[in-house]
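User: I would like to learn how to read a model of this kind, feature by feature. Could you take me through one, giving the general idea before each case?

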Amino acid sequence: MQMQSRREMRKLARENKKLLKAQMRSSTSHVQKRYFSLMLVPSYSSGKTRSLKIPYATFYILLFLFLAVGAVVLTLYLRTQFLMQVAQDTAVSLEQVNEAYVTLQELTEEERLRLTEESVNLRSALTQERIRGEAEQQQQRLTYLESLESIQEYLAGLELQLEQFEIYRQEILDRLSASAYIPAVRNMLNEMHQSQIELMVSLSDLAEYSAARRARLASENTSDIMLLAAHETPPIAEEDAILNDLFDQIALLELTIEISTELYTQLDQGVRNISTHLTNYPTIRPVNGRVTSGFGWRRNPFGGGSEFHEGIDIAAPTGTPIIATGGGRVTFAGWSGAYGNKVIINHGNGLQTLYAHASAILVNVGQYVTRGETIARVGSTGRSTGPHVHYEVIQHGRSVNPVNFFLR
């Protein structure tokens, strides 16, 4: 009985041992299914092979994060490329407009000189005509109508030139109006339009008065032609009156030319002022990057509390080129306390831009720079929390929001 009992106990122990091994295998395979196993095989023969287990949940989270970061980086890259292309196209457009203005300015100057020269020639011709008339009254009566007609044709030609000048003036104004998105240019255009309107009113009044005199002069010339056809001569007093009317008409035309010259002078000055704005106005970003701190009140990153941020901070890697946002002359280039390495550019017309925390300055005081020219490199000098550009726009001594100057 004891032998049989011992055999049964041994048999029962073996069965329990097999059952335990089966349960351990099942548990091990179940655990393995909940992980990704990575085998790390060393490149040298004596190294040990190791395995790395990554839970499914962790693997899927890492995969999702990787895809999300990749999508964000791709989106930022495509957006940056688009903005760079827009900035380049805008710069090219501004250069073309500036060249067109210079050409228009040269043409208007040539037109003004030609009108002035023709006015002087006309006065000289009329003076010679009067002297010859005094010496030979009879010959003057015979040639009077021919001279009158030629002068009238000349006057008509001058009036046509004035009309063409008006068309040309309006074309310049229309082209200037295309740059009215710049506030300073818009204000100048408004002032120019107002002054031009006042002169145009005077010019319109002269044109109406001149038209009335031409109508009366034409009727008097018709009676003279009838007298000459009948081999008669008009009375000297009537002839003198016609000549006086003609000289009055010339005086009116000269006054019209003077007003037109004044219109041109104002237009030319406006083109010069606006051309400076088109060349120097700060319209682009100093670097391509993320704005980490905007204009206005913010939390002080050094010591807490609040402070007024007079510019914007644009993050960029150290060494990234900082470009001038508009043409102008460098008025400061050096160290400036909390700003670190700082550059200030004067763009004229009360506008200045400031670039701070640079790692290196590439321009000197007094140097003229153009829009897009590299002036410094991104750094973290002075009171800074990391590499970025502190950019300010100063208008008439007061800091304003730089974002309002960026081209949309």
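The dialogue below goes from confidence to fold, cores, surface, salt bridges and backbone angles.

User: What should I know about the model before I read any detail, and what is its mean pLDDT?

Analyst: This is a predicted model, in which local features need pLDDT of at least 70 and side-chain atom pairs count only at pLDDT 80 or more, while totals for chains, interfaces and linings use all residues. Residues are numbered from 1 along each chain as its sequence is written, and side-chain values use heavy atoms, with hydrogens and water left out. The pLDDT is the predictor's confidence in each residue, from 0 to 100. Here the protein chain has a mean pLDDT of 77, and 64% of its residues reach 70 or more. Over residues 225–233 the pLDDT is below 50, and this stretch has 8 contacts (heavy atoms within 4.5 Å) beyond near neighbours in sequence.

User: How many helices and strands are there, and how many of the residues count as buried?

Analyst: Helices (H or I, at least four residues) and strands (E, at least two) are DSSP runs, numbered from the N terminus. The protein chain holds 5 helices and 14 strands. Buried means under 20% relative accessible area, exposed over 50%, and partly exposed in between, with a 1.4 Å probe and protein chains only; of the 408 residues, 33% count as buried. Among contacts with a separation of 6 or more, 66% join residues 24 or more positions apart.

User: How do I recognise a nonpolar core, and which residues have the most contacts inside the largest one?

Analyst: In soluble globular proteins, nonpolar side chains tend to be buried together. A nonpolar core is a set of buried Ala, Val, Leu, Ile, Met, Phe, Trp, Tyr and Cys residues joined through side-chain atoms within 4.5 Å. The largest one in this model has 24 residues, and Ile 322, Ile 345, Tyr 355 and Ile 375 have the most contacts inside it. Two or more residues each come from strands S6 (312–315), S9 (341–348), S10 (351–361), S12 (374–378) and S13 (388–395). Apart from this core lies another, of 6 residues, including Leu 94, Tyr 101, Val 271 and Ile 274. To see the packing around one member of the largest core, select Ile 375, whose contacts beyond four places in sequence include Ile 322, Val 343, Ile 345, Tyr 355 and Val 369.

User: Which residues make a nonpolar patch on the surface?

Analyst: Patches are made of residues with over 30% relative accessible area and no salt bridge, where like charges are joined within 9 Å and nonpolar side chains (Val, Leu, Ile, Met, Phe, Trp, Tyr) within 5 Å. Accessible areas come from the Shrake-Rupley method with a 1.4 Å probe, and for residues only the protein chains shown count as cover. Tyr 56, Phe 59, Tyr 60, Leu 63, Phe 66 and Leu 67 make a patch of about 630 Å². Phe 59 lies in helix H2 (residues 56–135), and is partly exposed at 32% relative accessible area.

User: What counts as a salt bridge, and which residues are linked in a network?

Analyst: A salt bridge is a side-chain nitrogen of Lys or Arg within 4 Å of a carboxyl oxygen of Asp or Glu, and by this rule the count comes to 6. Arg 298, Glu 307, Asp 313 and Arg 383 are linked in a network. Arg 298 meets Glu 307 at 2.8 Å, N to O, and Asp 313 at 3.4 Å. Arg 298 lies in strand S4 (residues 296–299) and Asp 313 in strand S6, so this pair ties together parts that are 15 residues apart in sequence. Asp 313 is buried at 7% relative accessibility. Glu 307 also forms a salt bridge with Arg 383, with the closest N and O atoms 3.4 Å apart. Because Glu 307 lies in strand S5 (residues 306–309) and Arg 383 in the loop between S12 and S13, that pair ties together parts 76 residues apart in sequence. Glu 307 counts as buried at 16%, whereas Arg 383 is partly exposed at 38%.

User: Where does His 357 lie, and is His 396 buried or exposed?

Analyst: Most residues other than glycine have a negative phi. His 357, in strand S10, has a positive phi of about 70° and is buried, with a relative accessible area of 5%. His 396 also has a positive phi, near 50°, but is found in the loop between S13 and strand S14 (398–400) and is exposed at 64%.
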